[in-house]
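Student: Pick one part of this and take me through it slowly, please. I'd like the cut-offs as we go, and then how the rest connects to it.

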Amino acid sequence: MSVHRAMGTTALDRLKARYDAEERTCRQCGYVDREGGWQVETTGSRVLYRHICPSCGAIDRRELRL
Ligand SMILES: [Zn+2]
């Protein structure tokens, strides 16, 4: 399975996988989102992660600098 990407994101994919594995529990309601994951946005030198809880709708965000 391959997905076209505009830029090499191997390291980002690894980071994303780590977030997917460790950070899927909602801080607001404690719901564990097994199906979902983090949406990743890159803006210049930063990476924004966003996760929306399917149970309560809380938005959790992380920001990393490259
Ligand atoms: Zn929640």
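Tutor: Two strands count as paired if DSSP finds at least two bridges between them, and the strands themselves are DSSP runs of E with at least two residues, just as helices are runs of H or I with at least four, all numbered from the N terminus. What you have on screen is a predicted model, where local features need pLDDT of at least 70 and side-chain atom pairs count only at pLDDT 80 or more, while totals for chains, interfaces and linings use all residues. Residues are numbered from 1 along each chain as its sequence is written, and side-chain values use heavy atoms, with hydrogens and water left out.

Let's make strand S2 our part. The protein has one helix and three strands, and from the N terminus these elements come as α-β-β-β. The strands make an open sheet in the order S1-S2-S3, with antiparallel pairing. S1 and S3 are the edges: each has a single partner strand, so one side of each has no neighbour in the sheet.

Start with the S1 side. Strand S1 covers residues 39-43 and runs antiparallel to S2, with five bridges joining the two. Val40 sits in strand S1, and its bridge partner in S2 is Tyr49. The two strands form a hairpin with two residues between them, and Gly44 in that turn has a positive phi of about 65 degrees.

Now the other side. Strand S3 (residues 59-65) pairs with S2 in the antiparallel sense too, over seven bridges. Two of the partnerships here are His51 with Asp60 in S3 and Ile52 with Ile59 in S3. This is again a hairpin, with six residues between S2 and S3, and Gly57 in the turn has a positive phi of about 85 degrees. For a sense of distance between residues on S1 and further along, Val40 and Arg61 are 21 residues apart in sequence, yet their C-alpha atoms are 10.0 Å apart in space.

Next, look at where the S2 side chains go. Along residues 46-52 they alternate: Val47, Tyr49 and His51 point to one face and are buried, whereas Arg46, Leu48, Arg50 and Ile52 point to the other face and are not. Buried here means under 20% relative accessible area, exposed means over 50%, and partly exposed is what lies in between (1.4 Å probe, protein chains only). Tyr49 has a relative accessibility of 1%, so it counts as buried. Its bridge partner Val40 is partly exposed because its relative accessible area is 32%. Over the whole protein, buried residues make up 21% of the 66 residues.

Tyr49 also has a ring partner. The structure holds one aromatic pair (rings of Phe, Tyr and Trp, the latter by its six-membered ring, with centres within 6.5 Å; planes under 30 degrees apart are stacked, over 60 edge-to-face, the rest tilted). That pair is Trp38 and Tyr49, edge-to-face, at 6.3 Å centre to centre with 80 degrees between the planes. It links distant parts of the chain: Trp38 is in the loop between helix H1 (10-22) and S1, eleven residues from Tyr49 in S2. Trp38 has a relative accessible area of 2%, so this residue is buried as well.

Just after S2 comes Cys53, which brings us to the metal. Cys26, Cys29, Cys53 and Cys56 coordinate the zinc ion through their SG atoms at 2.3 Å, donors being N, O and S atoms within 2.8 Å of the metal (3.2 Å for Na, K and Ca), with water not among the atoms, so sites may look incomplete. The donor spacing in sequence is C-x2-C-x23-C-x2-C. The four donors subtend angles of 107 to 113 degrees, so the arrangement is tetrahedral (four donors with all angles between 85 and 135 degrees). How buried or exposed are these cysteines? Cys26, at 8% relative accessibility, is buried, and so is Cys53, with a relative accessible area of 3%. Cys29 is partly exposed at 38%, and Cys56 is partly exposed at 41%. As for disulfides (pairs of cysteine sulfur atoms within 2.5 Å), the count is zero.

Note on methods:
Four donors count as tetrahedral if all angles lie between 85 and 135 degrees; four count as square planar and six as octahedral if opposite donors are over 155 degrees apart and all others between 65 and 115; anything else is irregular.
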